[in-house]
Amino acid sequence: MDNMERVQALSNSFSPSAPIDQKALFSGRMAQLMDVLNAVSQKGQHAILFGERGVGKTSLARVLSGGLTIRATQVLTASINCDGTMDFSSLWHKICREIVFTQTKTGAGFTAPPETTLKPLADYLPATVTPDDVRHLLSQLGKTLIIIDELDRLVNPEITALLADTIKTLSDHAVDTTLLLVGVADSVEMLIKEHQSIERAMVQIRMPRMSPPELNEIIDKGLSAAGMSIQAGAKEMICTLSQGLPHYTHLLALNASQRAATIDRTEVAVEDVRTAIDTALAKAQQSIIGAYHKATSSPRENLYPQVLLSCALAPTDNLGYFAAVDVRKPLSEIMKKPYEIPAFSQHLNAFCEESRGPILQRTGTNRRFRFRFSNPLLQPYVIMDGIRRGLISDSLKANKS
Ligand SMILES: Nc1ncnc2c1ncn2[C@@H]1O[C@H](COP(=O)(O)OP(=O)(O)OP(=O)(O)O)[C@@H](O)[C@H]1O
Ligand SMILES: [Mg+2]
């Protein structure tokens, strides 16, 4: 392989901005895959896959819809994204356009061969669809998996209520279709809380951030496709910086490995990752750069970048929340003198206001507030920016000097 071919192979295997749709490039997630597959093989069982933005929900759904066989039969699949303009009828028309139905009619005379016609299932739906129409239609099909992604875009409460009724009726009639709903955590809580009747029919599958071994697998798979390798320190650095979010693993691995390839090296080194940080910061989505500036700019005193960096370094619970007390240690290390909560609590509050994004969300009650990044993808960005500014080292420790 020459350098050009390597650069090309790398851009095929690392896709920072698009969900994975090939099994060969999909890493980890065995537990979540198994949970979905178990739901699909049970009649009357449905599933909801939820997690933070960018953890890999769509990728898992795509890999499943690429082809699934259960008990030697091919599972019919349809996969759609929701949008804010949809009502219940247009949702099901969109889904049923994805499913092609084979109709076989006996021929006209004794000798005429049977006629088969392929029709999209949508042709059999009335203009105004009810949950019972859906059940009736789906009960004519064999094993089917229907993936409804971006559930959080469905803003109309009427449509989620009808969707809950649909799940209930499909489950009660043991129709051999599994609905897989995919969305960010908050939308799921809403759906389940408001429609407790469906709780039994739904398996709730939480998609956590990716573990270091899963992130390592992404790096190894991508590099081996280009006949390249990586130093242990460089790999660890990419994992640490990614904070469990595979977007950054793809982005940093892509930039670092292409840099190595263009200067005739087949092993990615720590210095390649350092250069990749600068590229990642410069080429980050405009919305991320904009949100960072909005949150931290101030004409006068400016502790905002340091406090935000300390928030990004604060230990979190498994929903991504931290408390003010968790910010104290990283901030004191960065500032090289002890900082107590009153010195930065107004900064934390300001981060939750419209005028600074809000870059953070706050929950809980006074004195017991907990905070998290409104967009999780900002957290690694803030950390990389801290490294570029020299506030912390690449091992995420405060710089000594
Ligand atoms: N299992 C995986 N193996 C390798 N790469 C992955 C995996 N899961 C996700 N990725 C990568 O991570 C990034 C985000 O993935 P994806 O779009 O699937 O996340 P998402 O949870 O659906 O995000 P959103 O909440 O924005 O819809 C993409 O670049 C994708 O290629
Ligand atoms: Mg998605």
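**Ligand 1, helix α10 and the domains around them**

Good morning. I begin with the ligand: α3 (57-65) and α10 each contribute at least two residues to the shell around ligand 1. Please keep in mind that what we are looking at is a predicted model.

The shell comprises 21 residues, and those that come nearest to ligand 1 are Gly56, Lys57, Thr58, Ser59 and Pro246. In composition, the shell around ligand 1 divides into 9 nonpolar, 9 polar and 3 charged residues. Which domains supply this shell with at least three residues each? They are domain 1 (29-207) and domain 2 (211-282).

That brings me to the overall division of the chain. The domain assignment gives domain 1 (29-207), domain 2 (211-282) and domain 3 (286-388). Taken over C-alpha atoms, the centres of domain 2 and domain 3 are 27 Å apart. Their contact involves 10 residues from domain 2 and 9 residues from domain 3. On the domain 2 side, the elements giving two or more residues are α9 (232-242), α10 (246-262) and α11 (270-282). Of these, α11 provides the largest share, with 4 residues. This side of domain 2 consists of 6 nonpolar residues, 3 polar residues and 1 charged residue. Helix α10 therefore deserves a second look, because it gives two or more residues to the side of domain 2 that touches domain 3 and also supplies at least two residues of the shell around ligand 1, its run being defined by DSSP.

Within helix α10 I would single out His250. Is this residue buried or exposed? His250 is buried, because 24 other C-beta atoms lie within 10 Å, whereas the cut-off for a buried residue is 20 or more. Setting aside residues up to four places away in sequence, His250 touches Phe14, Ser15, Pro16 and Ile218. As a reference to domain 3, the C-alpha atoms of His250 and Gln379 are separated by 16 Å, with the two residues 129 apart along the chain.

Finally, the nonpolar interior. In soluble globular proteins, nonpolar side chains tend to be buried together. Here the largest nonpolar core has 109 residues, and those with the most contacts inside it are Leu49, Leu180, Ile238, Leu252 and Cys311. Which helix gives the largest share of this core? It is α10, with 8 residues. As for Leu180, its contacts, leaving aside neighbours within four places in sequence, are Val36, Ala47, Leu49, Ala61, Leu145, Ile146 and Ile147. Thank you.

Definitions and conventions. Residues are numbered from 1 along each chain as its sequence is written. Chains are lettered from A and ligands numbered from 1 in the order in which they are written. This is a predicted model: local features need pLDDT of at least 70, side-chain atom pairs count only at pLDDT 80 or more; totals for chains, interfaces and linings use all residues. Domain bounds come from an automatic or database domain assignment. Two residues are in contact if their C-beta atoms, placed from the backbone, lie within 7 Å. Ala, Val, Leu, Ile, Met, Phe, Trp, Tyr, Cys and Pro count as nonpolar, Asp, Glu, Lys and Arg as charged, and the others, Gly among them, as polar. A residue is near a molecule or strand if its C-beta atom, placed from the backbone, lies within 6 Å of it. A residue is buried if 20 or more other C-beta atoms lie within 10 Å of its own, exposed if 12 or fewer, and partly exposed in between; C-beta atoms are placed from the backbone. A nonpolar core is a set of buried Ala, Val, Leu, Ile, Met, Phe, Trp, Tyr and Cys residues joined through C-beta atoms within 7 Å.
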